[in-house]
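Me: I've got a model open and a few labels I'd like to see justified. Could you go through them with me?

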Amino acid sequence: MSSDSPPVRRLADWDHDRLARLAEEHGTPLYVLDVDRVAANYRRFAAAFPDAHVMYAAKAHTGRAVLSGLLEAGADIECAAAGELQRAIDAGADPNTLQYTAVNPPGGDLDYAVDLADEHPGLTITGGAEDTFDRLEDRGYDGRVAIRINPGIGTGHHEKVATGKDAKFGIPYDEVPALADDLRDRFDLVGLHAHAGSGVLREDLDDHCRAIAKVAELAREVGDSDLEFVDFGGGFGVPYREETEPLDMQAVGERVREAVGDLSARIKLEPGRYVVADAELILTTVNTVKETPATTVVGVDASLATLIRPAMFDSYHPIRNVSAPDRDPHPVSIGGPCCTSADVFATDRPIARPERTDLLAIGNAGAYGYELANQFHSQPRPAEVAIEDGDERVVRRRETMADVVRVEDEAGE
Ligand SMILES: *Cc1c(COP(=O)(O)O)cnc(C)c1O
């Protein structure tokens, strides 16, 4: 398995002439996805865990171009909703290879998964609440299940907040052995599962490995030789800031294996963000430049409807002036056309001084980017262009106002 792709792709590494041409041809805001980079990220990850089973967590980016590119690269797919199962199957996944992680699952999602498993008994359903298993049994299901564990370890300085929040996910650690005994009589218990963190980088690796070691220990207590797999989830981070170093995946692989220790069940991992984040950017055009006593305000045509992560998670995304990367850096605040102060991509950030009509790129938009795009302010969602084997194709056309009002029109009002 080749893994010679660079561990990180920065905005400066994209072909600026090509980006300018794509913006010209397709308008802005525009998502630009590099499917080859998605596959390379997956291969690098998988190469670091040669004896593990690596599944891509679809919720980071469920675009068909991503899913089919990853299936072609040999990845299996983890889904956290019935809609994601459906889209994985549409993209060509064999339902027998899918895993469905049910989080507070709506009845309709369970119906869908149970029907699917009826014809494709290889499907695995992971439950994180005892009554999820009761609801599966009520539907006549007795197939493959895994228990989602709450390892009870948050990350770093947010531990208190994280633990409270995390109660939503998984069975409390100490209750797992009894539940495992019970489930073995009612289903085919094939695995344990835990998704311990998110955005884990070097400084969080100790905590992450502690959680992994705890889950492995529980697997041995439950009887790992009777399990097919122990799934340690995703959560592997990417450097959003230019000065942050990427994870050394080979070293992470060794650390994880060390934390797991002796285990006869196979290790499973589910990266989402790591696979797609740096494979996509957003192109946006500068609409206005306004000098104020406080700062220079740069208004662009992308907004929190295009990319909500800065508004929702205070996330940092790199921004580059693609039209004039060599201009002198000038501190600017960059925001979109939404009437809320949350619609800001950067504050007092030095950028090659933007002028009206310049093209800017917002980087690392592949994970939870288009996936969380919305129509706030009656804005049609942007188009998405995929680059694959040197070719370009529109994989999501730009929405129109007709798309925005369609559900009202069709309601017959
Ligand atoms: C979200 C999620 C993942 C992927 O998380 P990333 O931080 O994107 O790697 C993996 N497994 C489960 C169950 C998830 O909910």
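What follows is a back-and-forth on the overall fold and then on the annotated residues.

Me: Before the labels, what kind of model is this?

Reply: This is a predicted model. Its secondary structure comes to 13 helices and 18 strands.

Me: What makes the protein as compact as a globular protein of that length?

Reply: Set the radius of gyration against the globule rule: the protein has 22 Å, and the rule gives 22 Å for 413 residues, so the protein is as compact as a globular protein of that length. Along the principal axes, the C-alpha atoms fill a box of roughly 70 × 55 × 40 Å.

Me: How much of the protein is buried, and how much of the contact count comes from residues 24 or more positions apart?

Reply: Of the 413 residues, 55% count as buried. Taking contacts with a separation of 6 or more, 74% are between residues 24 or more positions apart. As for the surface, about 18000 Å² is accessible, and carbon and sulfur atoms hold 46% of that.

Me: And how do the charged side chains add up?

Reply: There are 42 positive and 75 negative ones, with the centres of the two sets 5 Å apart.

Me: On to the annotations. Why is G235 called buried?

Reply: The cut-off for buried is under 20% relative accessible area. G235 has 12%, so G235 counts as buried. Its place is in the loop between β9 (229–231) and α10 (249–260), and it touches H195, G197, S198, G199 and V200, leaving out residues up to four places away in sequence. The unreviewed UniProt entry includes G235 in a "binding site" annotation, along with E270, P271, G272, R273 and Y368.

Me: How do you know whether E270 is buried or exposed?

Reply: By the same kind of check: E270 has a relative accessible area of 4%, so it is buried. E270 sits in the loop between β10 (266–269) and α11 (273–276). Beyond four places in sequence, its contacts include M55, E78, H193 and D231.

Me: There's a second "binding site" annotation, for R273, R309 and Y368. What makes these residues count as gathered at one spot?

Reply: That annotation is also from the unreviewed UniProt entry. The three span 96 residues in sequence, yet no two of their C-alpha atoms are more than 12.8 Å apart, so they gather at one spot. The contacts fit in with this: R309 is in contact with R273 and Y368, among others, and Y368 is in contact with K59, A60, R273 and R309, once neighbours within four places are set aside.

Me: Why are R309 and Y368 given the label they have, buried or exposed?

Reply: R309 has a relative accessible area of 7%, so it is buried. Y368 has 16%, which is under the 20% limit, so Y368 is buried too. R309 lies in helix α12 (residues 309–313), whereas Y368 is in the loop between β16 (359–362) and β17 (383–388).

Me: And what about C339, is that one buried or exposed, and how do you know?

Reply: Exposed means over 50%. C339 has a relative accessible area of 69%, so it is exposed. C339 is found in the loop between β14 (329–335) and β15 (344–352), and the unreviewed UniProt entry places the feature "active site" there.

Definitions and conventions. Residues are numbered from 1 along each chain as its sequence is written. This is a predicted model: local features need pLDDT of at least 70, side-chain atom pairs count only at pLDDT 80 or more; totals for chains, interfaces and linings use all residues. Side-chain values use heavy atoms; hydrogens and water are left out. Helices (H or I, at least four residues) and strands (E, at least two) are DSSP runs, numbered from the N terminus. The radius of gyration is taken over C-alpha atoms; the globule rule is 2.2 Å times the number of residues to the power 0.38. Buried means under 20% relative accessible area, exposed over 50%, partly exposed in between (1.4 Å probe, protein chains only). Contact means heavy atoms within 4.5 Å. Accessible areas come from the Shrake-Rupley method with a 1.4 Å probe; for residues, only the protein chains shown count as cover. Lys and Arg count as positive and Asp and Glu as negative; His and the chain ends are not counted. The place of a charge is taken as NZ of Lys, CZ of Arg, CG of Asp or CD of Glu. UniProt positions are given in the numbering used here, feature names are shortened, and annotations may be inferred rather than shown by experiment.
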